[in-house]
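The following exercises concern burial and packing in a protein model. Each task is followed by a stepwise solution.

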Amino acid sequence: MSKDRDIFFVTTNGSKPRQYADRLAQIGWRMHVVELEMPENREIEVRDVALGKLAYARERIGQRPLFVEDRGFEIEALNGFPKSHIKILTQVLGVRKLLELMHSEVNRTAYFTYAVAFLGLINEQNTFVGRE
């Protein structure tokens, strides 16, 4: 496989690479995991957090095809809160307090969100955002 078909996934979460490696291999990419602790920025939208991580990773490992991911959680009744701040919410309030906050809400629709930010060979940058 040629060197230009290698891609680097920058993460410290050991479970994330498994979901990408097989899919990338099916389309001819060989994924390498780079463990790099990245600062959590204060952005609210997962897309913006992922773009911040991508910029940080590029500064540290250089210009090569790479991608990063960030995840969040959105609750419609709370105008999308906590978005990218799910870790802070669970550490500060906890699940029980969140459930108490939602007690009187009729609409309890919630989504897991994710953003994958990609940097390509010729410095092109793309971000893919989705929800489940």
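Buried means under 20% relative accessible area, exposed over 50%, and partly exposed in between (1.4 Å probe, protein chains only). The model is predicted: local features need pLDDT of at least 70, side-chain atom pairs count only at pLDDT 80 or more, and totals for chains, interfaces and linings use all residues. Residues are numbered from 1 along each chain as its sequence is written, and side-chain values use heavy atoms, with hydrogens and water left out.

**Exercise 1.** Determine whether K16 is buried or exposed, and identify its contacts.

*Solution.* Step 1: K16 belongs to helix α1, residues 16-26; helices (H or I, at least four residues) and strands (E, at least two) are DSSP runs, numbered from the N terminus. Step 2: K16 counts as buried because its relative accessibility is 12%. Step 3: contact means heavy atoms within 4.5 Å. Leaving aside neighbours within four places in sequence, K16 touches F9, T11 and E69.

**Exercise 2.** Establish how the buried residues of α1 are arranged about its axis.

*Solution.* Step 1: the buried residues of α1 are K16, P17, Y20 and L24. Step 2: viewed down the axis of α1, these buried residues fall within an arc of 75°, so they line one face of the helix; the arc is that of the directions from the helix axis to the C-beta atoms. Step 3: the face turned away from the buried side carries the exposed residues R18, D22, R23 and Q26. Step 4: the buried residues of α1 pack against β1, β2 (30-35), β3 and β5.
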